[in-house]
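Hi everyone, thanks for coming. I'd like to walk you through a structure today, so please have a look at it with me.

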Amino acid sequence: MGHRLRRSLAAIAGLVLAGTGLTSVAATPAVAAVEDCPEGYFCVWSNPTVTGPLRKLNKSVADLGSWDGKVRSYTNRSSYFVCLYDEKNYDASGGYWAEEPAKPYEVYYEGLSGSTSSVKFVRTERECAETAYPWWASATSPRAAGFGDLNGDRRADVVARDKAGRLWLAPGDGTGRLIGTGGWNAMNALTRHGDFSRDGREDVVAREAATGRLWLYPGTGSGGLGARKLIGKGGWNGMNGITALGDLTGDGRSDLAAVEKSTGRLYLYPGTSTGALGSRRLVGTGGWNAMNALTGAGDVNGDGRPDLYARESSTGKLWLYPGRSGALGGRVLVGAGGWNAMTDLVAVGDFSGDGRPDLAAVTNGRLQDGYADSPGSLVTYAGLGDGRLAAGERTDGNWDGLGEFC
Ligand SMILES: [Ca+2]
Ligand SMILES: [Ca+2]
Ligand SMILES: [Ca+2]
Ligand SMILES: [Ca+2]
């Protein structure tokens, strides 16, 4: 990666910025040059003090041409991350720098010699060197699981929210497709498990942070999402661990579970024929605040009822709560510890291709297996059919720099 130093304009110019009402020093030529960069642009200068020839950019340039290696200082007034590559054609292998959006009064130096050969505008930092979506592979399951598959091809799909608030479908062949163009950062819970709208297609449920409302985004059956429908008028900010978990009540409709923060009680919200949620019922009398992750992994023990995995925050243990008729049975330990090293637990059905539901997790960089792990590694756990999981396999290391998964 090219060596670059970050300096605020005030630091290099020794000034209080114009427009703050505190200006007491006349602008120097350097300040005038920075202010020549219009809002919405990424500007580069050929001198290291924001002076000399200026080039204004508002779109990616694969080859800077006469400016190749000449960029000595720059500022970003665009709303994009700007990737500065040492190689042409956005080749990250030679090193790059990702500049944050909208830092209009910060100026950056390239050191004694410029090294930038190409510049790319992207929405999220990870796109400087990676795809916007995570790399996800899933095998075709011998039978439809009834969940985890948004496009009906019997391959488990992952939905990923990126840092820019877009939603991506990763259908299991290593590709990704945009299914939500923006605004998803307004949601602070995402979950999906089967069909709520009664059309046989899997749906997504999301909680809106500002209002505590719960929204149903009906799946189109081809991987996309249709117009949303309100299924919870408010109060959902009082709940933790909102988890679609499948049909626990046995009426063929997918249900939702959530923990009431004030009491630690686990409630089941049964799906109904209208797509709305029915009256909640108590399925866990207390203590559920001790859990910091819930996931509805499907029928992992093969008795026909959907089950729930929960992670205990104080111990990092993973517990299985087997589904009963409209209730949960006594818990069984399936992970003796270490699960706090995971940011996300992703349960999207069978992705190993043996018909048994599996579990995936994304590391958060905490200690794992006795050594510090890097954040953003995907670890997959094949379901054994009796609720237990095979040892985790590290599958891909590029699940970092993303938001939530479901
Ligand atoms: Ca699929
Ligand atoms: Ca549906
Ligand atoms: Ca079960
Ligand atoms: Ca499997």
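**Two sheets and two cores**

Let's begin with one pair of strands: strand 18, residues 265-269, runs alongside strand 19 in the antiparallel sense, and the two pair over 3 bridges. If you'd like a spot to look at, find Leu 268, which stands opposite Arg 281 in strand 19. Please keep in mind that this is a predicted model.

Now let's zoom out a little. This pair belongs to an open sheet of 4 strands, in the order 16-17-18-19, with antiparallel pairing. Which strands stand at the edges? They are strand 16 (239-246) and strand 19 (281-284); each has a single partner strand, so one side of each is left without a neighbour in the sheet. On average, neighbouring strands in this sheet are turned by 30° against each other, ignoring direction.

A quick reminder for anyone new to this: strands of a sheet pair through backbone hydrogen bonds, and they can do that in a parallel or an antiparallel way.

Next, please move along the chain to another sheet. Here 4 strands form an open sheet in the order 20-21-22-25, and the pairing is antiparallel. Its edge strands, strand 20 (291-298) and strand 25 (332-335), each pair on one side only. Neighbouring strands of this sheet are turned by 30° against each other on average, again with direction ignored. Inside the sheet, strand 21 (residues 307-312) pairs with strand 22 (residues 318-321) in the antiparallel sense over 4 bridges. There you can find Leu 308 standing opposite Tyr 321 in strand 22.

How many helices and strands does the protein chain have? The count is 2 helices and 32 strands.

So much for strands; let's talk about the inside. Of the 406 residues in the protein chain, 47% count as buried. The largest nonpolar core has 75 residues, and Ala 257 and Leu 359 have the most contacts inside it. What does Ala 257 touch, leaving out residues up to four places away in sequence? Its partners are Thr 243, Leu 245, Leu 266, Tyr 267, Leu 268, Val 283, Leu 294 and Leu 308. Apart from this core lies another one, of 23 residues, including Ala 33, Val 34, Tyr 85 and Tyr 108. As a general point, nonpolar side chains tend to be buried together in soluble globular proteins.

One last number: among contacts between residues at least 6 apart in the sequence of the protein chain, 47% join residues at least 24 apart.

Thanks for listening!

Note on methods: Residues are numbered from 1 along each chain as its sequence is written. Chains are lettered from A and ligands numbered from 1 in the order in which they are written. This is a predicted model: local features need pLDDT of at least 70, side-chain atom pairs count only at pLDDT 80 or more; totals for chains, interfaces and linings use all residues. Two strands pair if DSSP finds at least two bridges between them. Axes are lines fitted to C-alpha atoms, for helices over the stretch in contact, and angles run from 0 to 180 degrees between N-to-C directions. A residue is buried if 20 or more other C-beta atoms lie within 10 Å of its own, exposed if 12 or fewer, and partly exposed in between; C-beta atoms are placed from the backbone. Two residues are in contact if their C-beta atoms, placed from the backbone, lie within 7 Å. A nonpolar core is a set of buried Ala, Val, Leu, Ile, Met, Phe, Trp, Tyr and Cys residues joined through C-beta atoms within 7 Å.
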